[in-house]
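Ready for a few exercises? Have a look at the molecule below, try each task yourself, and then read through the worked solution.

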Amino acid sequence: FLAKGWRRSEEGGVVPSSWSGIPPLQEAILTVALTQLITVSSEDKVRSLSAILETPVPSRLMNELLSAASEDESVPAQLLISVARPLQGRHLNESRSGQFGKLLRVLRASKTYQLALVSSPCFEEIFKPAFEPKFVWRNQKKEVYMQQRPGNMLQTRSLLGWILSPSALDGATMPTSQAHLSEAGAGEWQGLQRATRQRVEGLQHGTQMKVAGVQSQAAELVDILLRAGDAPRTAVLQWLGAMIMAAEPRGKQGHVAPEGFNFWPQQGNHVIDVLGNDQTTPFEKKLKNLLLIQALHAKMHGFPTSGCALNTFTLLLHLFKPIKSDAAASFSSFFLLRRDTVELMGSWARQEKDSKNEARFGETEQFEAALQVAESDPSFSAAVWDKSHFKNQIFWLATKGVGVLLLPVVKEAFHCMQNIAGHLVEKDRDNADVAWREFLIAEATLKEPVFLERLGHLINLTFHFLKHAAAGAGEAFPTPAPSALWHACPSAVLENTLDLLDLYRDRQKRANNMVTGLFVYLDPVPVLTTLCVVMASDEHVRDPSLRGRAVKILHRLCTAFPAWMDKLNQEPLRQHMVPCLVNVFIAVEKAIMSYYDLSYRLKYELRVPVMELFELCLQHEEHRHVLTAFVRGSGNDRFLKLLTQLINDTNSQTEEAIRTVKDYHQKKDEEASAAASSSAPGPGGQHDEQVTDDDQTDGGEDVYRRSRMNYKEHAKKYFSLACRTWKTLWLLCKHCATTIVEGHSLLEQLLHTSLDAQLHFLVGPEMKNIKASPQEYDELGFNPKEWVKQIAEMFLFLTRVNPEEVARIVAKDERYYSQANFQKAYNFVRKYGLLNDSELVEFNKFIKDLGERVEQQRSAMDQVDIPAEYLCEMMADIMSDPVQFPQSKKIVDRWVAVRQIMGKDLDPYANTPVKVEDLIPMTELKEEIHRFAKDKSITLEGGNMFDN
């Protein structure tokens, strides 16, 4: 009644607003109201305030009443609990904003309420209730290896969980009777098969508005608590840390649905198989039921659902927003080396001795050295919850949240749901509609402009920090030794950020190559610089696959956005891009997808962007100058190693492609057989292999359908890889012919195993095995004319440097060299006009001179009986510089040993690591061989030591 009187006095009309009696009236009302309030019991105070909050009470009166009531020690906690509990169970389309407004009104009235929320009994009842796991998982020895986590409990039983729960993504958690109240169950989201883009965008905009409202409520509440002092700030950080720790299983491979809870592994292909498998139960054949199973897994395992996880990450982005870019240098990975941060950082914190630590950039010794440096840092001894750590805490919570809160949701939407929708659109419309709806709803949240802006800010600062840690606060180029900060940093920081860039890059709608979406908010300089450091340095990142992913992302960004590509042509990247590409090409030699990656498919695919960036860079004269200086200077060994691996790749890829085509033709010849003609491809996709009865279930399903080979597709893939590799080899021969000729062992490998061998297959006797129609060549991406042209031009590049040396080495090739093949190659290029007139004359002269040289050299060799100890144990040729492998004690020619080491850094006989400098020179044997060769007029590689 008093509040109503106060309000009427301010409305004007009956009482003029200028009446001088209004202030005394309000003071009198306030005095009476306070007198009435403070004279009643605590329970009556709570009951009265709760009732008054239901009405539009003037702000001053309400604040004074709440402030007066807070002096009663038992009132703040009881009032907060009574106001907060009605928020439990709210959802996106029933967010109970009025009730939330009451809570904020109470908290803003007095700091006492803010402190009460994070003190007993509020803390235990509604802020962070105690948790006891109800589910445990044991191994065969009955040992507990996993137990329920508190994430789902925090989502359903804590105040921040109630605030963050409303989401567009968690429709499966709604009871059946309320399914229509979820976003996915709403009528406007049904029947989208023929919906226009305009309608879909309208629906997504509406969802974005609702989700943004929920997220702003959470930000408002947390901002109040952070300003209230140390205790509320610590409580908020503890809650966020507990939620992130609970979500850790969602960010790991495995646990694939429906047996597990992750849809995103294998880009949803496993889920597609489950939905289409005859052995799948009817219940599990519906995608909406699999989503329900995932929600049940969330309860059992104790991780937050996708919607709550995404809202929690958005809250972290809000807290991270005020941090400026120049603060990146103040972030310290030493914070993660403290054992008292486990409650906050979980697996990223330093674990006890018996526990497994998170993988870090530094090896064990480097990690221990970083720990010693950290312990000498004054901030390392400050209390873990000290205010000085706040920026550091938010940065590490946010970067870890990328991997466990954000990425599972993004992958589930962009990889899984979109893939399922596209795959099943003609086969299973109901499941395709569910997947498409889930994708569109997730896309609305994940591409909301404010969300993208804040995510871009986090990514920018992450790359600034990585650059700072990698360079030890100095210049990034030339690449310095990594700092202790780098060694202490979890490698997942880089891995997760690369994943994020890849996911968002692939799905941007680009108009005129304009930067769009997330990348509008990214600074290309720290991104490209950090990626180049990762590519360039073995000391920074030892994982070849991770370095390959870095160059893959760099290539995609630079080819998508010309503005980013321009940065590579500016300092300092212009001076260091070519060495970076050389180093990363060499590094991915050891990248293997799995034990079953027998064709080294991952290695080849990681090298494609390296080769394409080579081509783009070498279009600019500045990069060509850098390449020339690099290969003639400190980078000569690495360049020769790159060429060795490039030659090996070319040979392997071409051989695999040609072998597959031969197998395909053989299969075509066997199509008349009854078994082959009656076999049908399995649901996993078309293939060309025969399916026997033993390979099928009782329902006729091919149990090996996923591993069947599509011969044409396989051959097409490897012809594509071989073409790309050949082009790069041609490019480097063009610009670095002198270096190649001077590297005698490399020249011999190039001529014998690649150029001579490919002529043997393309115009020689083997051509009949891959002969096909022009149409089939087009389908396979195989262009023999282009290959023969490139081979002829490569011979010309090399002979222009030293025709005698090229002819001498070709003459040694007794396996593939044939004068007839070279003559056919000449006729081929002349017939199709592949070379101009001057080049044609030059190529013809080379072939004739080569024929004469081969005849002379082979005649001399035939007349000599060479002692066995003078022959290379690997190549059976006379040696010019014999060396011994230190482990196996085998004696080979130096160029043979160098070639083996350049390829795999191994002793081929002992299969142990070895370096070029480890080779043992056989000086006395070398002198004997050179004397023998001098007496018998045998030409040795590099000349005879007794010629002068």
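**Exercise 1. The largest cavity**

Which helices each supply at least two residues of the lining of the largest cavity? Keep in mind that you're working with a predicted model.

*Solution.*
- Step 1: Start with the search itself. Across the whole structure, three cavities of 30 Å³ or more turn up.
- Step 2: Pick out the largest cavity, whose volume is about 240 Å³.
- Step 3: Go to its centre. The lining has 20 residues, and the closest to the centre are Leu 169, Asp 170, Gln 294, Ser 306 and Glu 412.
- Step 4: Now sort by helix. H14, H18 and H19 each give at least two residues to this lining.
- Step 5: Finish with chemistry. The lining of the largest cavity splits into 11 nonpolar, five polar and four charged residues.

**Exercise 2. A helix that meets those three**

Find the buried residues of helix H13, and work out which helices they pack against.

*Solution.*
- Step 1: Locate H13 at residues 269–276.
- Step 2: List its buried residues: Val 271, Ile 272, Asp 273, Val 274 and Leu 275.
- Step 3: Look at what these buried residues pack against. You'll find helix H14 (287–301), helix H18 (390–424) and helix H19 (429–446).
- Step 4: Link back to Exercise 1: H14, H18 and H19 also turned up in the lining of the largest cavity.

**Exercise 3. The second largest cavity**

Describe the second largest cavity: its volume, its lining and the helix with the largest share of that lining.

*Solution.*
- Step 1: Take the volume, which is about 60 Å³.
- Step 2: Read off the lining: Thr 399, Val 402, Leu 458, Ile 459, Thr 462, Val 493, Asn 496, Thr 497 and Leu 500.
- Step 3: Match residues to helices. H18, helix H20 (449–471) and helix H22 (492–505) each supply at least two of them.
- Step 4: Find the largest share, which is H22's, with four residues.
- Step 5: Sort by type. You get five nonpolar, four polar and no charged residues.

**Exercise 4. Phe 585 and Met 794**

Is Phe 585 buried or exposed, and what does it touch? Then do the job again for Met 794.

*Solution.*
- Step 1: Place Phe 585 in helix H26, residues 573–587.
- Step 2: Use the cut-off. Phe 585 has a relative accessible area of 1%, and buried means under 20%, so Phe 585 counts as buried.
- Step 3: Skip the neighbours within four places in sequence, and Phe 585 is in contact with Arg 607, Val 610, Met 611, Leu 642, Gln 645, Leu 646 and Asp 649.
- Step 4: Move to Met 794, which sits in helix H35 (residues 784–799).
- Step 5: Apply the cut-off again: Met 794 comes out at 0% relative accessible area, so it's buried too.
- Step 6: With the neighbours within four places left aside, Met 794 is in contact with Trp 726, Leu 729, Trp 730, Cys 733, Leu 750 and Leu 755.

**Exercise 5. A three-stranded sheet**

Work out the strand order of the open sheet of three strands, and say which strands are at the edges.

*Solution.*
- Step 1: The order is E4-E3-E5, with antiparallel pairing.
- Step 2: E4 (891–893) and E5 (920–921) each pair on one side only, which makes them the edge strands.
- Step 3: Add the helix. H39 (residues 894–904) packs on the sheet, touching E3, E4 and E5, and its direction makes about 95° with that of E4.
- Step 4: Zoom in on E3 (residues 882–884), which pairs with E5 over two bridges. Here Gln 884 stands opposite Ile 920 in E5.

Conventions: Residues are numbered from 1 along each chain as its sequence is written. This is a predicted model: local features need pLDDT of at least 70, side-chain atom pairs count only at pLDDT 80 or more; totals for chains, interfaces and linings use all residues. Side-chain values use heavy atoms; hydrogens and water are left out. Two strands pair if DSSP finds at least two bridges between them. Contact means heavy atoms within 4.5 Å. Axes are lines fitted to C-alpha atoms, for helices over the stretch in contact, and angles run from 0 to 180 degrees between N-to-C directions. Buried means under 20% relative accessible area, exposed over 50%, partly exposed in between (1.4 Å probe, protein chains only). On a 1 Å grid over the protein atoms alone, a cavity is a set of points where a 1.4 Å probe fits but cannot get out, and a pocket is an open set with protein on both sides within 12 Å along at least five of seven lines; lining residues have an atom within 4 Å of a point. Grid points are joined across faces, edges and corners, and a volume is the space filled by probe spheres set on the points. Ala, Val, Leu, Ile, Met, Phe, Trp, Tyr, Cys and Pro count as nonpolar, Asp, Glu, Lys and Arg as charged, and the others, Gly among them, as polar.
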